[in-house]
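Below are some questions and answers for a reader who is new to this structure. Each answer works towards the name or value asked for.

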Amino acid sequence: MHPDQVGPYRIERKIGAGGMGNVYLGVHKVTGKTAAVKVLPPSMAREDGFVQRFHREIESLRKLSNRHIVELYEDGTTDDATFYYSMEYVDGSTLTSEIIDRKRIPWKEVIEMSLQIASALKAAHDAGIVHRDLKPSNLLLTKDRMIKLTDFGVASLFATSRLTRTGGIVGTAEYMSPEQARGQRPSKRSDLYSLGAVMY
């Protein structure tokens with residue numbers, strides 16, 4: 001069961017879920033613009049740590065402008081204290097689905113996709129952001145074969161204090177750099193390690 005409305009968006013259907021909330025397809029009631037609307041569930045909104053991470057994800061997206069990163073539209077809190085933000089809706093599939101469907105992707109396509117991912121990572125790194133969870137399910141593929149990086153929920157900003165406790169591990173094991181697996185602070189190189197794992 002999904003909400004009928006979140007902020008100014010009429011909710012059509014659920015399109016995704018993750019560790020930091022549910023994502024719905026929404027239509028702005030005034031402009032008619034379609035968006036992906038991410039919502040922090042009330043159960044998580046009662047925990048300061050989750051709220052801080054949610055706001056950090058918004059802050060990360062606000063700093064970024066690159067055609068290979070999903071664009072942030074707006075954010076807010078509803079009357080019933082539900083935190084949300086809206087972003088560019090990508091009508092396509094995840095790279096995970098692409099890999100499952102095709103089994104093996106020709107190396108020239110891998111290189112082309114990887115260059116697009118590298119462009120997104122450079123924009124993030126130039127803005128002082130380490131993604132920390134680069135993996136195929138966080139890479140969206142549009143119908144015209146453009147890669148869009150999403151899900152900055154565990155990203156770290158170089159200039160901010162850490163939300164992850166010392167020795168804490170955040171990320172996805174299969175794509176995680178050795179230093180992340182050891183609970184050490186990730187760096188730009190951690191994302192590049194994960195890119196290598198995605199390419200493989």
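Q: Is Asp151 buried, partly exposed or exposed?
A: The model is a predicted one. Asp151 has a relative accessible area of 24%. Buried residues lie under 20% and exposed ones over 50%, so Asp151 is partly exposed.

Q: Which residue forms a salt bridge with Asp151?
A: Asp151 lies in the loop between E10 and E11, and its partner lies in strand E4, so the pair ties together parts that are 113 residues apart in sequence. The closest N and O atoms of the two are 3.7 Å apart. At 6% relative accessibility the partner counts as buried. The residue is Lys38.

Q: Where in the chain is Thr150, and is Thr150 buried or exposed?
A: Thr150 is placed in the loop between E10 and strand E11 (156–157). Residues in contact with Thr150, apart from neighbours within four places in sequence, include Val70, His131 and Leu140. Its relative accessible area is 13%, which is under the 20% limit, so Thr150 is buried.

Q: Which element supplies the largest share of the largest nonpolar core?
A: This core has 35 residues, and among those with the most contacts inside it are Ile69, Ile117 and Phe152. Elements that each supply at least two residues include strand E4 (34–40), helix H2 (48–63), helix H4 (107–126) and strand E9 (139–142). The largest share is six residues, and it comes from H4.

Q: Which residue of E10 is the bridge partner of Leu139?
A: E9 and E10 run antiparallel and are joined by three bridges. Leu139 and its partner are both among the residues with the most contacts inside the largest nonpolar core. The partner in E10 is Leu149.

Q: Which residues of E9 are buried on its two sides?
A: In a regular strand the side chains alternate between the two faces of the sheet. Both faces of E9 are covered. Leu139 and Leu141 are buried on one side, and on the other the buried residues are Leu140 and Thr142.

Q: Which residue takes a positive phi in the hairpin of E9 and E10?
A: The hairpin has four residues between the strands, and the phi in question is near 70°. The residue also meets Glu109 of helix H4 in a salt bridge (3.6 Å, N to O). Salt bridges that share partners join these two with Glu98 and Arg102 into one network. The residue with the positive phi is Arg145.

Q: Which residue meets Glu88 in a salt bridge?
A: Glu88 lies in the loop between E6 and E7 and its partner in strand E10, so the pair ties together parts that are 60 residues apart in sequence. Both residues are buried, and the N to O distance is 2.9 Å. Ile69 is in contact with both of them. The partner is Lys148.

Q: How wide an arc do the buried residues of H6 cover around the axis?
A: The buried residues of H6 are Ser190, Asp191, Ser194, Leu195 and Val198. They lie on the same side of H6, because the arc is only 145°.

Q: How far does H2 reach from its first C-alpha to its last?
A: H2 has 16 residues, and those that are buried include Val51, Phe54, Ile58 and Leu61. At 1.5 Å a residue the expected span is 22 Å. The reach in the model is close to that, at 23 Å.

Notes:
Residues are numbered from 1 along each chain as its sequence is written. This is a predicted model: local features need pLDDT of at least 70, side-chain atom pairs count only at pLDDT 80 or more; totals for chains, interfaces and linings use all residues. Side-chain values use heavy atoms; hydrogens and water are left out. A nonpolar core is a set of buried Ala, Val, Leu, Ile, Met, Phe, Trp, Tyr and Cys residues joined through side-chain atoms within 4.5 Å. Buried means under 20% relative accessible area, exposed over 50%, partly exposed in between (1.4 Å probe, protein chains only). Contact means heavy atoms within 4.5 Å. The arc is that of the directions from the helix axis to the C-beta atoms. Two strands pair if DSSP finds at least two bridges between them. The expected span of a helix is 1.5 Å times one less than its number of residues. A salt bridge is a side-chain nitrogen of Lys or Arg within 4 Å of a carboxyl oxygen of Asp or Glu.
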